[in-house]
Amino acid sequence: MPFKIIASQCTGCSACAPECPNVAITEKGGTFVIDPKKCTECIGHFDEPQCAAVCPVDNTCVIDTTLARYQVPA
């Protein structure tokens with residue numbers, strides 16, 4: 001499942017954006033958002049999602065359970 005950023009918790013620090021290997025994170029209105037079409041949960045790049053690893057606010061970058069899990073192309 002792709003990750004999402006809880007907007008009400010996002011401080012706008014921008015720590016996550018440069019860490020995303022898929023350039024899935026952008027700034028909108030002072031907070032950051034993750035494009036679920038680009039998010040691969042860092043599979044194939046890192047052992048853990050980098051947005052969650054670098055975010056200074058716990059539980060701000062979380063799994064979006066409303067969307068299907070990323071599938072590695074065959």
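This dialogue goes through a salt bridge, a nonpolar core and the cysteines of a predicted model.

Colleague: How many salt bridges does the model hold, and which residues form a salt bridge?

Modeller: As a general idea, side chains of opposite charge can pair when their charged atoms come close. In this predicted model the count comes to one salt bridge, formed by R69 with E41, whose closest N and O atoms are 2.8 Å apart. Because R69 lies in the segment after β4 (61-63) and E41 in the loop between β3 (31-34) and α1 (50-54), the pair ties together parts that are 28 residues apart in sequence.

Colleague: Are these two residues, R69 and E41, buried or exposed?

Modeller: R69 counts as partly exposed, at 47% relative accessibility, whereas E41 counts as buried, at 8%.

Colleague: Which residues have the most contacts inside the largest nonpolar core?

Modeller: In soluble globular proteins, nonpolar side chains tend to be buried together. Here the largest nonpolar core has 13 residues, and those with the most contacts inside it are I5, C16, I25, F32, I34 and C51. The elements that give two or more residues to this core are β1 (3-5) and β3. Leaving aside neighbours within four places in sequence, I5 is in contact with C10, C16, I25, F32, V33, I34, T60 and C61.

Colleague: How many disulfides does the structure hold, and why is C55 not bonded to C61?

Modeller: A disulfide needs two cysteine sulfur atoms within 2.5 Å, and the structure holds zero disulfides. The sulfur of C55 has its closest cysteine sulfur in C61, 4.4 Å away, which is too far for a bond. For C61 the closest cysteine sulfur is that of C51, at 4.0 Å, again too far for a bond. C55 is buried, with a relative accessible area of 18%, and C61 is buried, with 8%.

Methods. Residues are numbered from 1 along each chain as its sequence is written. This is a predicted model: local features need pLDDT of at least 70, side-chain atom pairs count only at pLDDT 80 or more; totals for chains, interfaces and linings use all residues. Side-chain values use heavy atoms; hydrogens and water are left out. A salt bridge is a side-chain nitrogen of Lys or Arg within 4 Å of a carboxyl oxygen of Asp or Glu. Helices (H or I, at least four residues) and strands (E, at least two) are DSSP runs, numbered from the N terminus. Buried means under 20% relative accessible area, exposed over 50%, partly exposed in between (1.4 Å probe, protein chains only). A nonpolar core is a set of buried Ala, Val, Leu, Ile, Met, Phe, Trp, Tyr and Cys residues joined through side-chain atoms within 4.5 Å. Contact means heavy atoms within 4.5 Å.
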